[in-house]
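Colleague: I'm new to reading protein models, so could we walk through this one together? Please spell out the terms as we go.

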Amino acid sequence: MNYIQGLIMGLAYVAPIGLQNFFVINTALTQTRRRSFATAFIVIFFDVTLALACFFGIGAIMEKSQLIEMAVLLIGSLIVIWIGISLLRSKDDTLESSKDVNVPILKVISTACVVTWFNPQAIIDGTMMLGAFRATLPAAEGLKFISGVATASFCWFLGITTLLSIFRSRFSSRVLRIINIICGCIIIFYGLKLLYQFIQMVI
């Protein structure tokens, strides 16, 4: 069950259109299928390593302090809810299909690293969200949850690369808007769940 929860939460978190997704989408829209999938796997690597660092790093700290655990749960739940609300309110779901992504593979690797590991918002959001979930799960169940999150990264980036490679002309901004609405609702639900768990610890 925690694997499924991690998979759903991972999909809801990774799917909203951001720097990583723009890079993968633009590559799939303008490059060969081979280059598109190579880019997807590179982005997956950096995305999964960031998720692991966020989950186990903050999780290990919280295991040693209930006060920190409660703080992360509260702040994390509010951030998760805010992310969801921001997605519902977002009006800027557009594609940049004219962007030049015809770059050497080393440049692809460095760009994927930058849009993932050097994105302060991604690090903060990932740490608070995944760390908050880590605080609610025992060690064995935590492994199942983060495995689901990692699986979501594979499914999402390989999925959009495959779909865009096949149906380039049919992928529109309206589709991106629908994705963001669905993901926003799922993220808000899980944010409220985390907030409820914080309230239970307080009372």
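Colleague: What percentage of the 203 residues in the chain is buried?

Modeller: First, a heads-up: this is a predicted model, where local features need pLDDT of at least 70, side-chain atom pairs count only at pLDDT 80 or more, and totals for chains, interfaces and linings use all residues. Residues are numbered from 1 along each chain as its sequence is written, and side-chain values use heavy atoms, with hydrogens and water left out. Buried means under 20% relative accessible area, exposed means over 50%, and partly exposed is in between (1.4 Å probe, protein chains only). Of the 203 residues, the buried share is 49%.

Colleague: Which element has the highest mean pLDDT?

Modeller: pLDDT is the predictor's confidence in each residue, from 0 to 100, and its mean over the chain is 79. Elements here are DSSP runs numbered from the N terminus: helices (H or I, at least four residues) and strands (E, at least two). Helix 6 (residues 120-135) sits lowest with a mean of 71, while the highest, at 90, is helix 7 (residues 139-166).

Colleague: Where does pLDDT stay under 50?

Modeller: Contact means heavy atoms within 4.5 Å. The stretch you're after has nine contacts beyond four places in sequence in the model. Its pLDDT stays under 50 over residues 97-101.

Colleague: How many helices does the chain have?

Modeller: Reading from the N terminus, the elements go α-α-α-α-α-α-α-α. There are zero strands, and the helix count is eight.

Colleague: Which helix supplies the largest share of the largest nonpolar core?

Modeller: A nonpolar core is a set of buried Ala, Val, Leu, Ile, Met, Phe, Trp, Tyr and Cys residues joined through side-chain atoms within 4.5 Å. The largest one has 48 residues, and those with the most contacts inside it include L130, F145 and W156. Helix 1 (2-14), helix 2 (19-30), helix 3 (33-62), helix 4 (66-89), helix 5 (105-117), helix 6, helix 7 and helix 8 (173-202) each give at least two residues to this core. The largest share, nine residues, comes from helix 3.

Colleague: Which residues does L130 touch, leaving out those up to four places away in sequence?

Modeller: L130 is among the residues with the most contacts inside that core. Setting aside residues up to four places away in sequence, its partners are A51, C54, F55, F145 and V149.

Colleague: Is A132 buried or exposed?

Modeller: A132 lies in helix 6. Its relative accessible area is 0%, so A132 is buried.

Colleague: And M1, is it buried or exposed?

Modeller: M1 lies in the segment before helix 1. Its relative accessibility is 81%, so M1 counts as exposed.

Colleague: Which two residues meet in a salt bridge?

Modeller: A salt bridge is a side-chain nitrogen of Lys or Arg within 4 Å of a carboxyl oxygen of Asp or Glu. A search of the whole structure turns up one. The partners are three residues apart in helix 7, so about one helical turn separates them. Their side chains meet at 3.4 Å, N to O, and they are E141 and K144.

Colleague: What does S165 touch, not counting residues up to four places away in sequence?

Modeller: S165 is found in helix 7. Because its relative accessibility is 12%, S165 counts as buried. Leaving out residues up to four places away in sequence, S165 touches A28, R33 and S36.
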